[in-house]
Amino acid sequence: SLHLSFVVLLEVLRLLPTINSNNRTHTNKHPANKQTANKQPMVTNMGILSKAGHKWSHNLAAGGAGLVIVESTPLSCFFPGAYGPPRFTAETLAPLAAAIHAGGARAVLQVFPTLDSIPPRAAPATVPVESLVELAAKFGEAARVCREAGFDGIEAYGAHGFILSQFSCRVTNRRTDRYGTELPTLAMEL
C-alpha cells in the first residue's frame, strides 16, 4: 500500500548515513538522530507561505538535509473555495521552493487530499466515480502549480486511514469497478 511504501522509504532513509543530492553529501538528519529529535514542527500553524516557514525549511536544507518535504498541505488550498481565491499558486509557493533550494536540498510538497466532494476518511464504496476523477485531476493541477513554483516533486499523502490509504487497502476498498483493489487505479492516476 502507499502507507507501507512510505514507511519503508523512511526506514531506508533512517538507515542511510548520508544522502547525495546536487553533487553534495548530506548527513542523515532523521528524527531518530538525538540532535534533531522533537524539533520538527509537523503540521504547525507556522504557515508555509510565511517568512518563518521559509526560514524553517531553508534551515532544514542548510543543516544538511538532502530532501525537504513540506508536510500536510491541503489540496483544497490550490483552488478557489469558500474562503476566497486559491492560497497556493506558483507565485505564492515559489519563495518556499527557492528557500529550500538555496539551502542545498530538493523540495517536495506533501499534498493532503481535501475536497468538498470527498470527506477525508470516506469509505471507498461511498465515493462517486466523478469525485475520484475530480480528485485525480486536481492532484494533477496541484502538481503543475508546484512544478511552476520550482518544486522537485509532490507527495500524495496516503497514510493513517485517510482516503488514499483506504483505496489501497483490500479490507476497506470493496469496490468492483476500476477503482477496486485489483489494480491501484486511483494511485496510478494521481
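In this predicted model, the largest nonpolar core comprises 35 residues. Within that core, the most contacts are made by L75, F78, L93, I100, L109 and F151. Two or more core residues come from each of β3 (67-74), α3 (90-102), β4 (106-112), α4 (129-149) and α5 (163-167). Helix α4 gives the largest share, seven residues.

L75 illustrates the packing. Leaving aside residues up to four places away in sequence, L75 touches V111, F112, P113, T114 and L115. L75 also touches L135, K138, F139 and A142. V111 and F112 fall within β4 (106-112). L135, K138, F139 and A142 fall within α4 (129-149). L75 thus has contacts in both β4 and α4.

Strand β4 pairs with two strands, β3 and β5. β3 and β4 run parallel and are joined by six bridges. In this pairing, T73 has V111 of β4 as its bridge partner. V111 is also among the residues that L75 touches. β4 and β5 (residues 153-156) likewise run parallel, here with four bridges. The bridge partner of V108 in β5 is G153.

Burial of β4 fits this setting. Six of its seven residues are buried, that is, under 20% relative accessible area. β4 is therefore largely enclosed by the rest of the structure. L109, one of the core residues with the most contacts, lies within the span of β4 (106-112).

The connection between the parallel strands β4 and β5 involves α4: β4, α4 and β5 form a β-α-β unit, and this unit is right-handed. The helix of this unit, α4, is also the element with the largest share of the core.

Technical notes:
Residues are numbered from 1 along each chain as its sequence is written. This is a predicted model: local features need pLDDT of at least 70, side-chain atom pairs count only at pLDDT 80 or more; totals for chains, interfaces and linings use all residues. Side-chain values use heavy atoms; hydrogens and water are left out. A nonpolar core is a set of buried Ala, Val, Leu, Ile, Met, Phe, Trp, Tyr and Cys residues joined through side-chain atoms within 4.5 Å. Buried means under 20% relative accessible area, exposed over 50%, partly exposed in between (1.4 Å probe, protein chains only). Contact means heavy atoms within 4.5 Å. Two strands pair if DSSP finds at least two bridges between them. A crossover is right-handed if, with the strands pointing away from the viewer, the path from the first strand over the helix to the second runs clockwise.
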